[in-house]
Amino acid sequence: MKKLTSLILAAVLTASMAVPACAEEYDFSNYDLEYYQKFKGQDIELNVYNWGEYISDGTDDTLDVNSMFEELTGIEVNYTTFDTNEAMYAKLKSGANTYDVVIPSDYMVSRMMHEGMLEELDFNNIPNFEHIDEKFVNPEYDPQNLYSVPYTWGMVGLIYNRDMVNGEITGWDDMWSPSYTNNMLMFKNPRDAFAIALFKLGYSINTEDPMQLREAAELLKEQKTMVQAYVMDQIFDKMQGNEAALAPYYVGDYFTMKEVNDSLEICIPAEGTNIFVDAACIPKGAANKEAAEMYINFLNEPEIAAANIEYICYSTPNTAALEMLPDEVRNDPIRYPEAEQLANAQMFVNLSEETNLLLDQLWTEILSDDADYLNWAMPLFVLGALVISVLVTAMRKKRKKKYR
Amino acid sequence: MKMKYAAYPYIIWLIVFMAIPMGLIIYFALTDASGAFTIANIAQTGRYMPVLIRSIWLATISTAVCLVLAYPLSYMLSRMQGLTSRTLLTLVMLPMWMNFLLRTYAWMTLLEKNGIINQILGVFGIEPLTMINTQGAVIMGMVYNYIPFMILPLHSVMVKIGKDVIEAAQDLGASPASVFSQVILPLSMPGVRTGITMVFVPAVSTFVISQMLGGGTNQLIGDIIELQFLGNAYNPSLGSAISMVLMVLVLLCMSLTGFFDDDDVEDRLI
């Protein structure tokens with residue numbers, strides 16, 4: 001009896017979860033049905049690979065973009081997420097999965113472009129590209145705009161806790177101020193961390209000059225004594241809980257933190273800051289390129305782009321969507337700053353392999369205070385350990401034989 | 001010996017999920033990007049020697065702490081009967097039912113400057129302590145996460161030590177100290193060895209704990225391996241080389257603790 005009850009309960013629960021999704025009524029009158037429904041009934045699946053928490057997904061009465069797309073087009077969306085560009089790159093590089101749409105950041109787009117990992121887009125299939133703000137067309141990372149359609153953009157700002165700082169926070173110099181010793185957080189990813197030091201030094205954040213990078217590394221080493229912790233996502237927990245006074249992070253995420261902790265403020269450093277664009281691309285080997293282009297086009301429908309941007313709090317490059325946003329968001333100087341405020345902002349581009357290696361090396365050096373090392377130490381250690389291991393086992397065996 | 005057909009699935013499983021990945025790691029570690037043989041990767045890992053030493057050091061300390069804490073507890077558990085022993089054993093395993101990441105995240109909230117522990121101390125007028133982002137916090141995290149792996153093997157060996165064996169020793173005039181040193185300790189050695197291996201091996205290669213509780217500055221060898229795959233430069237060769245060094249280290253640890261042959265003590269138990 002008990003079993004039966006739980007079975008019925010489980011069935012009811014499953015049904016109640018499934019029903020609203022099917023019964024939801026979307027209004028498709030604004031959409032070009034002839035275009036969107038050409039794959040209907042063909043059982044096409046689309047593998048979409050995007051950042052975590054980076055699409056409006058139906059929670060808290062928001063629009064469920066993927067289910068809406070499925071209903072409109074009859075294409076099934078398999079949506080998966082990644083948490084860093086590098087994780088996404090490693091996964092694509094391993095070739096274990098095929099994706100139809102990925103949304104990497106600027107420098108990763110150019111890296112994948114240079115390595116021939118991206119498919120050229122057919123912009124006839126993406127009519128909504130006309131909504132993209134001119135500022136974001138033909139960007140540095142994709143100069144002829146053949147491979148990518150911008151999805152969101154944003155900046156890195158210096159987040160601070162009003163109640164925990166003395167005086168005004170104006171720029172990156174505050175990240176080297178001894179008065180915040182043990183009270184500041186720092187990026188745990190080398191590219192973003194180096195960018196801050198390079199801005200302070202007044203160099204390009206895409207510098208390939210080893211001398212400049214070493215100079216930046218010295219600066220970061222000096223800063224290390226004052227840094228409380230190097231973090232990425234843990235920053236939410238720490239800034240919301242008044243654990244630190246200062247932390248550089250992405251502007252969009254600042255708004256999420258501010259909802260929890262009202263004492264948080266942000267400043268866009270005058271020395272310049274990193275401006276980034278996340279753009280939709282189609283990787284080589286995508287099974288359904290045309291359907292993928294349709295998905296990218298759908299993301300740029302004004303209504304959809306507006307819903308997404310309201311959900312993720314970043315800034316949109318889509319002018320039609322921007323017009324649909326509430327006035328206080330549209331005129332927010334932090335989210336949509338004036339052109340002159342962006343004068344010193346720089347975008348990441350892809351670095352050469354040597355520079356990437358050097359960057360990782362310097363980063364490890366910064367975090368672990370390296371001493372000099374001997375070239376032969378490690379191979380000798382490996383060999384020695386193997387020999388000892390074999391010897392010990394052999395000796396045990398011999399001893400055992402003797403006893404028997 | 002003829003192999004039974006029933007063993008084939010396991011053999012295939014072993015080959016696909018153990019032998020092939022292992023072979024790939026060794027292949028990547030010993031070749032450069034073009035596929036030519038080189039030991040340059042392993043030579044380069046020498047750069048991370050200080051990190052490796054720190055990893056071994058922290059893992060050794062946590063293994064020792066685990067052993068000291070777990071040994072008396074396991075002995076007590078093994079002398080208990082029925083429901084009490086089962087309940088306590090379940091309590092030991094209970095935290096393992098929760099995700100490893102979540103457990104470590106919870107420690108972050110506990111140890112922080114405005115965390116729960118400091119808030120409680122504040123009630124008694126004690127100044128907030130700096131606990132998070134230190135090596136102590138990393139060791140704490142390791143001990144907490146891996147202590148069940150010490151208790152369980154110790155317990156399973158100790159329950160096999162019969163009451164009669166101990167009573168016999170006492171009847172023959174052994175003092176409590178010599179009962180422990182000459183009967184209980186030698187008989188529990190297989191459990192100690194397994195426990196040490198099972199705590200040391202994951203502790204030396206962990207990276208989540210050091211990132212969450214160590215503040216990013218207490219880098220361990222696991223962090224360095226992660227950096228090779230998910231850092232700026234995608235460098236599977238160097239990553240594999242460091243993994244190989246780690247595997248050799250584990251092998252060394254296992255042969256030193258006699259993981260490969262502890263059946264001699266097993267004989268005495270039966």
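I'll talk about one pocket and one strand in this structure. Keep in mind that this is a predicted model.

Pocket to start. The second largest pocket holds about 710 Å³ of space. Its lining counts 34 residues. Closest to the centre are Glu353(A), Ala33(B), Tyr234(B), Asn235(B) and Pro236(B).

Which helices supply at least two residues each of that lining? From chain A, helix 4 (85-94) and helix 14 (353-368). From chain B, helix 1 (8-29), helix 2 (40-44) and helix 12 (236-256). Helix 14 of chain A gives the most, with six residues.

Now the character of the lining. Twelve residues are nonpolar, 15 are polar and seven are charged.

Where does the pocket sit with respect to the domains of chain A? Domain 1 (22-148 + 281-337) and domain 2 (154-275 + 359-365) of chain A both give residues to the lining, so the pocket lies between them.

On to strand 4 of chain A, residues 149-161. Is this strand mostly covered or mostly open? Mostly covered: 13 of its 13 residues are buried, each with under 20% relative accessible area.

Now its partners. Strand 4 of chain A runs antiparallel to strand 9 (residues 275-280) of chain A, with six bridges between them. There, Gly154(A) stands opposite Phe276(A). Strand 7 (residues 246-250) of chain A also pairs with strand 4 in the antiparallel sense, over five bridges. Strand 8 (residues 264-267) of chain A is joined to strand 4 by four bridges, again antiparallel.

Look at Tyr160(A). Its bridge partner in strand 7 of chain A is Leu246(A). In strand 8 of chain A, Tyr160(A) stands opposite Glu265(A).

Conventions. Residues numbered from 1 in each chain as written. Chains lettered and ligands numbered in written order. Predicted model: local features only at pLDDT ≥ 70, side-chain atom pairs only at ≥ 80, totals over all residues. Heavy atoms only, no water. 1 Å grid on protein atoms, 1.4 Å probe; cavity = no way out; pocket = protein on both sides within 12 Å on 5 of 7 lines; lining within 4 Å. Points joined across faces, edges and corners; volume = space filled by probe spheres on them. Nonpolar A, V, L, I, M, F, W, Y, C, P; charged D, E, K, R; others polar. Domains from an automatic or database assignment. Buried < 20%, exposed > 50% of the residue type's maximum accessible area, 1.4 Å probe, protein only. Pairing = 2+ DSSP bridges.
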